[in-house]
Amino acid sequence: MDRHNDCLIVIPSYQPEETLFYLTKGLATHGYQILIVNDGSEPTFNDVFSRCEQYGQVLSYSKNKGKGFALKYAFEYAQKNYKDINYVLTVDGDGQHHIKDINELTNTIKGRKEIIICERRFDVKVPFKSKIGNSLSKFSQSLSTFRYMNDNQCGLRAFPFSFLDDLIKIKGNRYEYEMEVLNYLLIKEIPFSTLSVDTVYENGVNATTHFRPILDTFLIQKSILKCGLVNIICFLLGLALTCVFYYCFFSSSGLCPLDLSYEVSIFIAIPLEMMIHIIINIIIFKPKSIGRMILRLVLFNIIYLLSIIITVSFFSRVCSFNIICSYLLTYPLIVFPLYYLIKGVTLVYNSRR
């Protein structure tokens, strides 16, 4: 049997069931070092944590502070006390992950020496509220980062030990933290691989989860939309530049043949907006691979430019709307085709890796 003693399993836990004990015991038989964080559970759960201490270390504090805080608390502790570790795996303690998948993740990261993000296959019946939450987060993240992920809410992940500094600096104390980590990787163009794992829902509904559907979904969406704020600002900038060129230069000057003033204004404005978009992204996000980020934004803006020209021309010429209304109506129409385009390109790219 493999001995994974150079891997540290970090398990944040709040009000755990017996599942945590069985998971800890099972992982210990494979030689993992295990660090459990008791995230302010009530004293009635102390017995579960005490029995887990046979197989791993338990850190505790009195007040519940959230999954993100617990993970970062463990990362800081690991930096100081686990000097012999090469990899850190984050694992949920509520029965969401099979040990065989955790072992596969370990073998994968040892072979590639890179960050691995697990994605569930969703080949079983998924509870309705989970399906809605997953779909919404995938949709908004794709449009915010121009990258599609089949599952962006799986807690099973593996990191080189050297990456803990970055993980500790990332904001977020509750369930949104894991989304913040993913956004961090995407916007900074930090390479990572994905690994497909089983989907597990206890009794069909994931009974032991402490996820708050409304509040935690709001926090997750907030973290994603914060990432996409630059895109929204640049969209409005593109509109402003288009209006400047149209109203100040082309609408009544007669410079555009065949009355193409709408199209020419957009054709000049969008490339300018694209250059500003790239500069803002470099300044704010400081990507590890500037070239990859520029290529992604250029490809997006080419598609965006063509879409804007076609839809604005339709609304302005066929429906007789002014250029501002036409431009604003364009965005809701192109977001769904754009999402599926991003999804398709990502899936094709991943299949060729």
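Angles over 145 degrees between the N-to-C directions of two helix axes count as roughly antiparallel, a cut-off that the first exercise applies to this predicted model.

**Exercise 1.** Determine how helix H10 and helix H11 are oriented relative to each other, and state the handedness of their crossing.

*Solution.* Begin with the geometry: the axes of helix H10, residues 261-285, and helix H11, residues 290-318, come within 9 Å and cross at roughly 155°. That angle lies in the range over 145 degrees, and H10 and H11 are therefore roughly antiparallel to each other. As a last step, note that the crossing of H10 and H11 is right-handed.

**Exercise 2.** Identify the residues that make the nonpolar surface patch of about 630 Å², and find which helix gives the most to this patch.

*Solution.* The patch is formed by Leu 229, Ile 232, Ile 233, Leu 236, Tyr 247, Ile 324 and Leu 328. Turning to the helices, H9 (229-250) and H12 (323-351) each supply at least two of the patch residues, and H9 gives the most, with 5 residues. Take Ile 232 as one of the patch members: this residue is in helix H9, and its relative accessible area of 45% makes it partly exposed, because that class lies between the buried limit of 20% and the exposed limit of 50%.

**Exercise 3.** Decide whether Leu 195 is buried or exposed, and locate it relative to Leu 105.

*Solution.* Leu 195 is in strand S7, which covers residues 192-197. Its relative accessibility is 11%, so Leu 195 counts as buried, the cut-off being under 20%. Finally, although Leu 195 and Leu 105 are 90 residues apart in sequence, their C-alpha atoms are 7.3 Å apart in space.

Terms used:
Residues are numbered from 1 along each chain as its sequence is written. This is a predicted model: local features need pLDDT of at least 70, side-chain atom pairs count only at pLDDT 80 or more; totals for chains, interfaces and linings use all residues. Side-chain values use heavy atoms; hydrogens and water are left out. Patches are made of residues with over 30% relative accessible area and no salt bridge: like charges are joined within 9 Å, nonpolar side chains (Val, Leu, Ile, Met, Phe, Trp, Tyr) within 5 Å. Accessible areas come from the Shrake-Rupley method with a 1.4 Å probe; for residues, only the protein chains shown count as cover. A salt bridge is a side-chain nitrogen of Lys or Arg within 4 Å of a carboxyl oxygen of Asp or Glu. Helices (H or I, at least four residues) and strands (E, at least two) are DSSP runs, numbered from the N terminus. Buried means under 20% relative accessible area, exposed over 50%, partly exposed in between (1.4 Å probe, protein chains only). Axes are lines fitted to C-alpha atoms, for helices over the stretch in contact, and angles run from 0 to 180 degrees between N-to-C directions. Angles under 35 degrees count as roughly parallel, over 145 as roughly antiparallel, 65 to 115 as roughly perpendicular and the rest as oblique. A crossing is left-handed if the near helix is turned anticlockwise from the far one by less than a right angle, and right-handed if clockwise.
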